[in-house]
Amino acid sequence: MTTSPSAVLAAFASQLRYEDIPAPVLRRAEDLLLDTLASILAGANARPVQIMAGYAQAMGPADGPAEILVNRRRSSPLFAAMVNAAAAHVVEQDDVHNGSVFHPAAVIFPPALAVSQALGLSGRDLLTAAVAGYEVGIRVGEFLGRSHYKIFHTTATVGTLAAAVTVGRLLGLDPERMLNALGSAGTQSAGLWEFLRDAADSKQLHTAHAAAAGITAAYLARDGFTGARQILEGPQGLAAGMSRDADPSRLTDRLGERWALAETSFKYHASCRHTHPAADALQALMRDNQLGAGDIASIEALVHQGALDVLGPVVNPATVHQSKFSMGTVLGLIALKGRAGLAEFDAALDDPAMATWRERTTMTLDPEVDQAYPQRWIGKVKVRTADGRELSARVDEPKGDPGNTLSRAEIEAKTLSLGQYAGAARPEELRELIDTVWNLAEQSRLGPLLAA
């Protein structure tokens, strides 16, 4: 039992030290943190996030050591992490790990920040805990496989365990208590894709719940609360109930040698990641063939099965958020505007032209694309032009992937853009935030990131 995959993961997370982590991985963690903080600020005024913030104000303490970035109030770590996690995932600009189809940042950095502030911990403590959360969470996502993602939102389910590991590392849990935290987190694991059919707000609840459940599991374990010892691989554990193709070898794959955090991608377009490969391919096709929107009669996106599962139900989006899961809307924005950013999506919902582009766009399962997924997200499109030509294009690494990543200058520009969206923060505040994150490892005690 002590050498079960769950126990090995718990021991790794418990014993990971800052000095064990390669410098490039730590710098990448800083990049991901800044990217996440920008996404939180961009989501601050979204209706579901405001509802979540109101809930925290009604049910949580009137003050506290942890920072709710969306309204600059203070609260307990649990409620601060809950609201910040909801905001991190709403504008579809937070990170993604391809192989696990998991958005780690939205469920790792909010609890990491909240607990670090509450305990007066250092920047190095936060970074170490976040890396532990990424390494464990990504491997659990890979373990659960493609069948899990078809029904379950991996960021919600795996997110509870990633958050618990992150907080457990900040609390200094020993391997036994970390294993208990995993057990308690896993038994709370939940999140279903059905919400997309109704344009429901559940996606924000998914990340909020994962962050809060992870905090709960870790703090309970600190005080001796026990959890299932084989919550992942046991006969009635997560894989048994939530997967048909679970691969236990993925759980401990080269722990401490392969740094999965470094494989994480940034999101360039403000939409579901499943739309990005086709969007990049369409951009390339229009550029290389000097096409304008008026030259395009129809678009066929050649996709993997995961894209069909998630995007297929979104036929006539009813909200801005749901439109980010509409391949026709995304490719229509690329064709008409050249980009699919926050402002473009805001204007697109009531634009009659978007209905036309949704009718012109189809998705087709492509064997090559599907076989490569989820390790590689290949983008392919075929375009029929108004004058009868058939053109095609492909991208093998979408913008934001590790081999086609964002530079720090691009991350700073993204931060300034997202942070000012809907007036969430002023440019001078954002520049101070950028400076704080780039110097995080030198911070001996983490305080508020923004003025109240």
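**Entry 1: helix 6**

I began with helix 6 and found that it bends by about 95° at Gly145. I am working with a predicted model, and I keep that in mind for every entry.

I then checked the ends of helix 6, which runs over residues 123-151. Its 29 residues would reach 42 Å in a straight helix at 1.5 Å a residue, but the end C-alpha atoms are only 37 Å apart.

Is helix 6 enclosed by its surroundings or not, and why? I noted that 24 of its 29 residues are buried, so helix 6 is largely enclosed by the rest of the structure.

**Entry 2: helix 5 by itself**

Next I looked at helix 5, residues 105-119. Helix 5 has 15 residues, and from first to last C-alpha it reaches 21 Å, close to the expected 21 Å. I also noted that helix 5 is mostly covered, with 13 of its 15 residues buried. Just after helix 5 comes Gly120, where I read a positive phi of about 65°.

**Entry 3: helix 5 against helix 6**

I compared the axes of helix 5 and helix 6, which come within 10 Å and cross at roughly 150°. Angles over 145 degrees count as roughly antiparallel, so helix 5 is roughly antiparallel to helix 6. The crossing of these two helices is right-handed.

Which residues make the contact? From helix 5 I listed Ala105, Ile108, Phe109, Ala112, Leu113 and Ser116. From helix 6 I listed Leu126, Ala130, Gly133 and Tyr134.

**Entry 4: helix 5 against helix 7**

I turned to helix 7, residues 154-170. Helix 5 and helix 7 pack at an angle of about 25°, and their axes are 9 Å apart. Angles under 35 degrees count as roughly parallel, so helix 5 is roughly parallel to helix 7. Here too I noted the hand: helix 5 passes helix 7 in a right-handed crossing.

On the helix 5 side of this packing I found Val107, Ile108, Pro111, Ala112, Val115, Ser116 and Leu119. They meet Thr155, Gly159, Ala162, Ala163, Thr166, Val167 and Leu170 in helix 7.

**Entry 5: Thr166**

I picked Thr166 from helix 7 for a separate look. Is Thr166 buried or exposed? Its relative accessible area is 0%, so I wrote it down as buried.

I then asked what Thr166 touches, not counting residues up to four places away in sequence. The list is Ile108, Ala112, Ala129, Ala130 and Gly133. Of these, Ile108 and Ala112 also appear on the helix 5 side of its packing with helix 7. Ala130 and Gly133 are among the helix 6 residues in contact with helix 5.

I also looked up a pair that is separated along the chain: Thr166 and Val107 are 59 residues apart in sequence, and their C-alpha atoms are 9.4 Å apart in space.

**Entry 6: helix 9**

I repeated the span check on helix 9, residues 202-222. Its 21 residues should span 30 Å, and the end C-alpha atoms are 30 Å apart, which agrees. Just after helix 9, I read a positive phi of about 100° at Gly224.

**Entry 7: Met286**

My last lookup was Met286, in helix 11, residues 276-289. Its relative accessible area is 9%, and under 20% counts as buried, so Met286 is buried.

Leaving aside neighbours within four places in sequence, I found Met286 in contact with Leu291, Gly292, Ala293, Ile296, Ile334 and Ala335. Met286 and Ser392 are 106 residues apart in sequence, while their C-alpha atoms are 9.9 Å apart in space.

Terms used: Residues numbered from 1 in each chain as written. Predicted model: local features only at pLDDT ≥ 70, side-chain atom pairs only at ≥ 80, totals over all residues. Heavy atoms only, no water. Helix = DSSP H or I, 4+ residues; strand = E, 2+ residues; numbered from the N terminus. Expected span 1.5 Å × (residues − 1). Bend = angle between axes of the 7 residues up to and from the residue. Buried < 20%, exposed > 50% of the residue type's maximum accessible area, 1.4 Å probe, protein only. Axes fitted to C-alpha atoms, helices over the stretch in contact; angles between N-to-C directions. Parallel < 35°, antiparallel > 145°, perpendicular 65-115°, else oblique. Left-handed = near helix turned anticlockwise from the far one by under 90°. Contact = heavy atoms within 4.5 Å.
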